[in-house]
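User: I am new to this structure and would like to be led through it by questions. Could we go step by step, beginning once it is on display?

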Amino acid sequence: MASWGLKSCSEDESSSISRSSIQEARQSRLISRQHGVSKHSGDRFIPNRSAMDFDMAFYLLTQTRKEKEKAAALASHPGQTYGKLLAERLLPNRNRILAFQARPPASSSTAEETREISRSADRILDAPDMTDDYYLNVLDWGSRNILSIALGSAVYLWNGTDGSTWELTRAEDDLGAAASVSWAPDGRYLALGLNGSDVQLWDTDSQRLLRTLRGVHRSRVGSLSWSNHILTTGGKDGKVVNNDVRIRSHVVHSYRGHRGEVCGLRWSGSGRRLASGGDDNLVHIWDLRRASTATAPRTSQGPWIHRFDKHASAVKALAWCPFQSNLLASGGGGNDRCIKLWNTENGTCLDSVDTGSQVCSLLWSKKEKELLSSHGFGQNQLTLWKYPSFRKIIDLTGHSSRVLSTAVSPDGCTVASVSGDETLRFWNVFGSPETTKRSPPKPPPDLEPFSSFSRIR
């Protein structure tokens with residue numbers, strides 16, 4: 001016990017001596033600084049480590065995460081306020097040296113990464129006898145990478161893989177000329193809506209007319225849209241008709257709500273809802289489950305789900321969003337010039353932008369949240385928009401007349417546009433293909449390619 005008491009006394013004495021030594025050293029440094037002399041001053045590029053507490057720094061660096069979380073929890077407790085203030089008073093200048101901290105938040109000013117988009121067309125083909133009619137839909141690109149286009153009295157096919165072109169059919173008179181074209185989902189069968197009210201179905205592999213649907217409309221059929229085996233047709237008579245091409249009595253549903261020509265038709269990706277636009281400035285949303293075999297009266301109590309009347313001109317441009325099933329984009333003609341976004345669940349208009357010119361067609365990107373529009377008089381341009389901000393990304397110019405129709409390639413990258421200037425242009429708008437698609441079959445060898453269409457300007 002005695003020895004323990006001697007040892008304790010010795011430690012106390014040593015501790016008091018050490019504290020007095022530290023105080024003398026501090027006073028000495030203070031006097032030296034006052035006289036402009038410091039033995040412990042460091043070089044201007046080397047920090048003065050005499051002011052650092054390495055023991056505290058080592059503890060903070062090696063402290064485990066659980067200990068840190070526990071300490072933080074205790075520090076945040078109301079009962080620990082006094083202890084925290086006491087620690088700050090007794091332990092001043094306990095700076096953390098090289099201590100790990102949480103990652104700083106990402107800067108909001110970071111520039112958005114954008115891909116390179118060429119302002120000029122990758123390829124330009126001649127399109128003679130192109131009918132400059134806003135209400136027609138004469139361009140479509142099938143799933144087997146074959147593009148169809150109606151020019152004058154003839155319909156031509158262009159192979160996107162090898163660039164070959166051939167004539168599918170030619171009408172004997174104006175009544176037999178195509179006013180609209182649309183590929184079936186399999187990319188083999190092509191539907192033609194004719195000026196004389198008939199609808200034709202073609203097998204493009206055998207170059208053979210399979211069937212003619214008669215008595216569907218009383219005037220030209222300017223719009224078409226497929227949903228599996230259902231071919232929906234829109235006519236100048238204001239009717240929208242569902243045709244089941246597998247059966248003899250093909251008319252299965254008929255809608256009546258437009259008072260003018262139906263110039264826009266689009267089935268949603270699910271095949272459950274149909275959007276129609278007309279020359280009466282209206283957009284209707286129809287539900288296949290509520291369709292009736294009887295023609296609905298022309299009243300406000302029609303079988304449509306929603307009736308949008310916010311456009312001030314004909315509505316031809318319609319596009320369902322591929323990543324948001326209830327979102328529809330619509331574009332108005334020359335007196336309207338607006339692109340509107342609709343929520344087809346509750347019927348509200350989500351946004352509207354005045355583009356400054358006639359909106360002829362709309363295409364959503366399959367890869368990015370972007371919308372492409374084609375326009376009429378003014379710049380006759382294609383404009384790429386960012387969704388949902390509606391920020392303009394780029395204008396693509398080159399056509400000297402309004403861009404009547406657009407179609408996107410099966411890989412979702414290339415956009416084809418046809419104009420009243422009698423040119424068909426291809427634009428690399430939506431990036432590069434990720435995978436190589438299977439090559440579609442070549443046309444029969446006995447058919448001569450249409451030379452004037454394969455010439456590149």
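User: By class, which residues make up the lining of the largest pocket: how many are nonpolar, polar and charged?

Analyst: This is a predicted model, and its largest pocket has a volume of about 1300 Å³. Of the 47 residues that line this pocket, the closest to its centre are Asp140, Ser225, Arg266, Trp267 and Val408. Sorted by class, the lining of the largest pocket comes to 25 nonpolar, 18 polar and four charged residues.

User: Which elements give two or more residues to the lining of the largest pocket?

Analyst: The residues closest to the pocket centre include Asp140, Ser225 and Val408, and these numbers can be looked up in the ranges of the contributing elements. The elements that give two or more residues to the lining are β2 (139-141), β6 (178-183), β10 (221-227), β14 (262-267), β18 (315-320), β22 (359-364) and β26 (403-408).

User: Where does UniProt list "repeat: WD", and how much of residues 396-429 is strand?

Analyst: The UniProt record, an unreviewed entry, lists "repeat: WD" at residues 171-212, 255-296 and 396-429. Over residues 396-429 the end C-alpha atoms are 9 Å apart, and the chain there is 0% helix and 56% strand.

User: How are the rings of Trp286 and Trp304 arranged, and why does the pair tie together separate parts of the chain?

Analyst: The model has a count of eleven aromatic pairs, and one of them is formed by Trp286 and Trp304, with 6.1 Å from centre to centre and 80 degrees between the planes. Both Trp286 and Trp304 are buried. Trp286 belongs to strand β16 (residues 283-287) while Trp304 is in the loop between β16 and β17 (306-308), so the pair ties together parts that are 18 residues apart in sequence. With planes over 60 degrees apart counting as such, the arrangement of Trp286 and Trp304 is edge-to-face.

User: What kind of aromatic pair do Phe308 and Trp342 form, and are these two residues buried or exposed?

Analyst: Phe308 and Trp342 have ring centres 4.0 Å apart and 5 degrees between the planes, which is a stacked pair. Because Phe308 lies in strand β17 and Trp342 in strand β20 (residues 338-343), the pair ties together parts that are 34 residues apart in sequence. Buried means under 20% relative accessible area, so with a value of 4% Phe308 is buried, and at 2% Trp342 likewise counts as buried.

User: Which residue lies over the face of Tyr134?

Analyst: Here the partner of the ring is a residue at 5.5 Å from the ring centre of Tyr134. That residue is Lys316.

User: Where is the cis peptide bond that Pro388 takes part in, and what is its omega?

Analyst: Pro388 is placed in the loop between β24 (382-386) and β25 (391-396). The cis peptide bond joins Tyr387 and Pro388, and its omega is about 10 degrees.

User: What are the phi values of Ser197 and Gln207, and are these residues buried or exposed?

Analyst: Ser197, in the loop between β7 (189-194) and β8 (199-203), has a positive phi of about 85 degrees although it is not a glycine. Gln207, in the loop between β8 and β9 (208-213), also has a positive phi, near 55 degrees, and is a residue other than glycine. Since the limit for buried is under 20%, Ser197 at 12% relative accessibility counts as buried, and Gln207 with 18% is buried.

User: Is Glu172 buried or exposed, and how far apart in space are Glu172 and Ser153?

Analyst: Glu172 is found in the loop between β5 (165-170) and β6. Exposed means over 50% relative accessible area, so Glu172 with 84% is exposed. Glu172 and Ser153 are 19 residues apart in sequence, and their C-alpha atoms are 7.5 Å apart in space.

User: How far apart in space are Arg123 and Phe426, and what cluster is Phe426 part of?

Analyst: Arg123 is in strand β1 (residues 123-126) and is partly exposed, with a relative accessible area of 31%. Although Arg123 and Phe426 are 303 residues apart in sequence, they are 5.2 Å apart in space, C-alpha to C-alpha. The cluster that ring pairs link together consists of Trp141, Trp158 and Phe426.

How values were computed: Residues numbered from 1 in each chain as written. Predicted model: local features only at pLDDT ≥ 70, side-chain atom pairs only at ≥ 80, totals over all residues. Heavy atoms only, no water. UniProt positions renumbered as here; feature names shortened; annotations may be inferred. Helix = DSSP H or I, 4+ residues; strand = E, 2+ residues; numbered from the N terminus. 1 Å grid on protein atoms, 1.4 Å probe; cavity = no way out; pocket = protein on both sides within 12 Å on 5 of 7 lines; lining within 4 Å. Points joined across faces, edges and corners; volume = space filled by probe spheres on them. Nonpolar A, V, L, I, M, F, W, Y, C, P; charged D, E, K, R; others polar. Phe/Tyr/Trp six-rings, centres within 6.5 Å; stacked < 30°, edge-to-face > 60°. Buried < 20%, exposed > 50% of the residue type's maximum accessible area, 1.4 Å probe, protein only. Lys NZ or Arg CZ within 6 Å of the ring centre and 35° of its normal.
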